Amino acid sequence: MNICVIGQGYVGLPIAIQAATAGHKVYGFDIDSVKIEKLKLGVTTSPEVSGDKILALQKSNKISFITELSDNLSIEVFIIAVPTPLNEKREPELIMLENACLTIAKFVQSESLIINESTSYIGTLRNFIYPLIKNNSSAINLKYAVAPERIDPGNNIWHLENTPRVISGLSETAINQAVTLYSSFCSKIYQVDKPETAEAAKLIENTFRQVNIALVNELSEVASKFNFSLHDAITAAATKPFGFMPFFPSIGVGGHCIPVDPAYLSFSARQVGIESKFIDLANATNLLMPNKIVSRIESQLNVKLSGMKVQVVGIAYKPGTSDIRESPALEFIKILESKGSHVTYHDPFVNQWNHLSSEPLSSDIDLGIIVTPHDQIDFSIWKKSNTNVLDLSANARNYGWPKFL
Ligand SMILES: NC(=O)c1ccc[n+]([C@@H]2O[C@H](COP(=O)([O-])OP(=O)(O)OC[C@H]3O[C@@H](n4cnc5c(N)ncnc54)[C@H](O)[C@@H]3O)[C@@H](O)[C@H]2O)c1
């Protein structure tokens, strides 16, 4: 099929590559011309896709990266993969989704299939995407489906091909066509009767994580007062072979999913007159973590942060990625600076952030704080120099420093 994937980011690029590998002709469309020029040269920061693969697929004419659409591309399927962030009030900001729909409306041909992969509130396909395209296009018999993306960038075990894909649509034909398409590059499809069910499933998955992480983050304060390690308690609890799933405390949640999607679910609830106190409390709990941890550092270590030389390791929201969207490390650094600390950071994936640049790991500091431990980081300089180190990382990797949370 001729497929256009709108948005070539963490979600859109891997899907474009996967579809092209499966034999479809893919147009990877993005409004970011710098990104498109880099992709043409095989340059990407996506941990899912190699430059060689991008170049090979372009060479065999299976994929083309474009910033302009035209009627003569004979596109049969549009897949939407644009950001769906929050606005200043932490409510859904759908301007990019709206623009993507208007682009589709301009170029879509009758009988085409339109699939939304972007995460959004319940009812987005039926009440936002469908009317927007229908009212701005003369094409007829369009089909609308939803296939929420579940990718976990950098996860070497679960990827696009082997992670089951939930699919639904506004009509049986739309569902069938979407199922056929995704079956060509995903090994498991799970079909649901309504798009609202699929949209809700995606939001529930990430809200589940948000709520459980908030729970352990709250408990980490309790554990510190009782003077035991919450990591150890959770690890012990996880020896129960049923009915328990371990989550570990951290300085909060980051990325474009866990901090964002629950707010879309909470928004959905408000639309039908329900206040989702549970979700809102989890959001608030995790958002407060950087602040709480700074206070705990001062009180538990009995130190004054003012004038201290602090180096933060890893400011991306998780290991193996350069993505700093919603990363709690950024808020953490701002709070440390507001306390008068001299903060540097080291992150091999993030060269520059705000007024700071990534600096080599240094032993000329008063305190090292591990937030996001990328595999590539060699901590031997801190080990050799007996640097004071706090390991705040959630993945409980053992570098030998005591866990602080
Ligand atoms: N990042 C993840 O791990 C992840 C996982 C699952 C689902 N999602 C969801 O997928 C969606 C996309 O997220 P992402 O992380 O890939 O974002 P991203 O920022 O990495 O990529 C989105 C791309 O869309 C482009 N874009 C924006 N508006 C456009 C338009 N009108 N036309 C064409 N291109 C446009 C941007 O330039 C950008 O390159 C979001 O809804 C997100 O919630 C993300």
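**Close-up views of a predicted model**

**View 1. Helix α2 and the residues at its two ends.** Just after α2, Gly 42 adopts a positive phi of about 80°. This structure is a predicted model, and the angle, like every other value in these legends, is therefore computed from predicted coordinates. At the start of the same helix, which spans residues 33-40, the backbone nitrogen of Val 34 is approached by a side-chain oxygen of Asp 32 to within 3.1 Å.

**View 2. A salt bridge within helix α2.** Glu 37 and Lys 40 are joined through their side chains in a salt bridge, with an N to O distance of 3.3 Å. The two residues are separated by about one helical turn, because they stand three residues apart in helix α2. Glu 37 is partly exposed, its relative accessible area being 44%, and Lys 40 is likewise partly exposed, with a value of 36%.

**View 3. A salt bridge between two loops.** Side chains of opposite charge can pair when their charged atoms come close. Here Arg 90 and Glu 326 form a salt bridge in which the closest N and O atoms are 3.8 Å apart. Because Glu 326 belongs to the loop between β9 (309-313) and α11 (328-338), while Arg 90 belongs to the loop between β4 (77-80) and α4, the pair ties together parts that are 236 residues apart in sequence. Glu 326 counts as partly exposed at 36% relative accessibility, and Arg 90 also counts as partly exposed, at 29%.

**View 4. A salt bridge from helix α7, and a network of charged residues.** The side chains of Arg 150 and Glu 205 come together in a salt bridge with an N to O distance of 2.6 Å. This pair links distant parts of the chain, since Glu 205 lies in helix α7 and Arg 150 in the loop between β6 (143-146) and β7 (165-169), 55 residues apart. Both partners count as partly exposed, Glu 205 at 25% relative accessibility and Arg 150 at 30%. Glu 117, Glu 149 and Arg 165 are joined into one network by salt bridges that share partners. The count of salt bridges in the model comes to 13.

**View 5. The ligand and its shell.** The ligand is surrounded by 27 residues, of which the closest are Val 11, Asp 30, Lys 35, Thr 84 and Arg 325. By residue type, the shell divides into 13 nonpolar, eight polar and six charged residues, and its largest share, three residues, is contributed by helix α4 (residues 95-107). Oxygen atoms of the ligand take part in several contacts: a polar side-chain atom of Thr 84 lies 2.5 Å from a ligand oxygen, an N or O atom in the side chain of Lys 35 lies 2.7 Å from a ligand oxygen, and a polar backbone atom of Tyr 10 lies 3.0 Å from a ligand oxygen. Of the 830 Å² that the ligand exposes when taken alone, the protein buries 93%.

**View 6. A nonpolar patch on the surface.** Leu 215, Leu 219, Val 222, Phe 226 and Phe 228 make up a nonpolar surface patch, and together they present about 480 Å² of accessible area. One of these residues, Leu 215, is located in helix α7, which covers residues 195-226. Leu 215 counts as partly exposed, because its relative accessibility is 46%.

Note on methods:
Residues are numbered from 1 along each chain as its sequence is written. This is a predicted model: local features need pLDDT of at least 70, side-chain atom pairs count only at pLDDT 80 or more; totals for chains, interfaces and linings use all residues. Side-chain values use heavy atoms; hydrogens and water are left out. Patches are made of residues with over 30% relative accessible area and no salt bridge: like charges are joined within 9 Å, nonpolar side chains (Val, Leu, Ile, Met, Phe, Trp, Tyr) within 5 Å. Accessible areas come from the Shrake-Rupley method with a 1.4 Å probe; for residues, only the protein chains shown count as cover. A salt bridge is a side-chain nitrogen of Lys or Arg within 4 Å of a carboxyl oxygen of Asp or Glu. Helices (H or I, at least four residues) and strands (E, at least two) are DSSP runs, numbered from the N terminus. Buried means under 20% relative accessible area, exposed over 50%, partly exposed in between (1.4 Å probe, protein chains only). A residue is near a molecule or strand if one of its heavy atoms lies within 4 Å of it. A polar contact is a pair of N or O atoms within 3.5 Å; within protein, one must be able to donate a hydrogen and the other to accept it, and residues adjacent in sequence count only if both atoms are side-chain atoms. Ala, Val, Leu, Ile, Met, Phe, Trp, Tyr, Cys and Pro count as nonpolar, Asp, Glu, Lys and Arg as charged, and the others, Gly among them, as polar.
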